[in-house]
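Trainee: Could we go through this model together, with the reasoning behind each answer spelled out?

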Amino acid sequence: AALATQGLSVGVLDADIYGFSVPRMLGVTGKPTQVEQMIMPPIAHEVKVISIGMFTPGNTAVVWRGPMLHRALQQFLADVFWGDLDVLLMDLPPGTGDIAISVAQLVPSAELLVVTTPQLAAREVAERAGSIALQTHQQIVGVVENMSWLEMPDGSRMELFGSGGGQAVADSLSQSTGTNVPLLGQIPIDQQVREGGDSGAPVVLTAPESAAGLALRA
């Protein structure tokens, strides 16, 4: 949503087939429509969006094995009319499973953005996810640290999940890949982010000057 406000043409592909959440977070209520052989994606906040959640009734679970996941991803990339995009963001499930491998095969030029929280347990998972780039020969564009701290009324910061995790992941991936992997940003804990995700109104639009809104836009 922040990229779209800067005038870029943006698409979001919800590649987390089992744990899809993008339709709710972007407030997408419309269904995709078919025009000839192409699927027209719904648009929310100037962003084109596609998700398996648009094709399942209610909150039904998707129970598929690997080949079905690969086929769904293939269709989302080939059969959806994205138009002339500047950026296609793909929300992947955590880890190094079928979807991550399929993305590497189907979109070999895709760059990886690794998201972590500061705590050690999350950091180790993020490092493993990032290390898939060594096998797939993809570039890691950077690391984002989420839930970095909670700003207190007196101006101090409460670091609920510890500190330094994002930088540590960036340093570790820089070393293992032999490239410069920067820490792109730290997003503070902000109730408005959670509220916006639940209501489908991104904080970068509803509260762009909030701490999290500023960090996300930067």
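What follows is a set of questions and answers on a sheet, its helices and one serine.

Trainee: Which strands stand at the edges of the open sheet of 3 strands?
Mentor: In this predicted model, the strands of the open sheet follow the order β7-β8-β11, with parallel pairing. An edge strand has a single partner, so one side of it is left without a neighbour in the sheet, and this applies to β7 (112-116) and β11 (183-186).

Trainee: Which residue is the bridge partner of Glu145 in β11?
Mentor: Strand β8, which spans residues 140-145, pairs with β11 in the parallel sense over 3 bridges. For Glu145, the bridge partner in β11 is Gln186.

Trainee: Which strands does helix α6 lie across, and at what angle does the helix run to β8?
Mentor: Helix α5 (residues 120-136) packs on the sheet, where it touches β7 and β8, and its direction makes about 170° with that of β7. Helix α6 (residues 165-177), for its part, lies across β7, β8 and β11, and its angle to β8 is about 160°.

Trainee: Is Ser102 buried or exposed, and with which side chain does its own side chain make a polar contact?
Mentor: Ser102 lies in helix α4, residues 98-106. Its relative accessible area is 5%, and because buried means under 20%, Ser102 counts as buried. Leaving aside residues up to four places away in sequence, Ser102 touches His70 and Leu73. The polar contact of its side chain, at 2.6 Å, is with the side chain of His70.

Notes. Residues are numbered from 1 along each chain as its sequence is written. This is a predicted model: local features need pLDDT of at least 70, side-chain atom pairs count only at pLDDT 80 or more; totals for chains, interfaces and linings use all residues. Side-chain values use heavy atoms; hydrogens and water are left out. Two strands pair if DSSP finds at least two bridges between them. Helices (H or I, at least four residues) and strands (E, at least two) are DSSP runs, numbered from the N terminus. Contact means heavy atoms within 4.5 Å. Axes are lines fitted to C-alpha atoms, for helices over the stretch in contact, and angles run from 0 to 180 degrees between N-to-C directions. Buried means under 20% relative accessible area, exposed over 50%, partly exposed in between (1.4 Å probe, protein chains only). A polar contact is a pair of N or O atoms within 3.5 Å; within protein, one must be able to donate a hydrogen and the other to accept it, and residues adjacent in sequence count only if both atoms are side-chain atoms.
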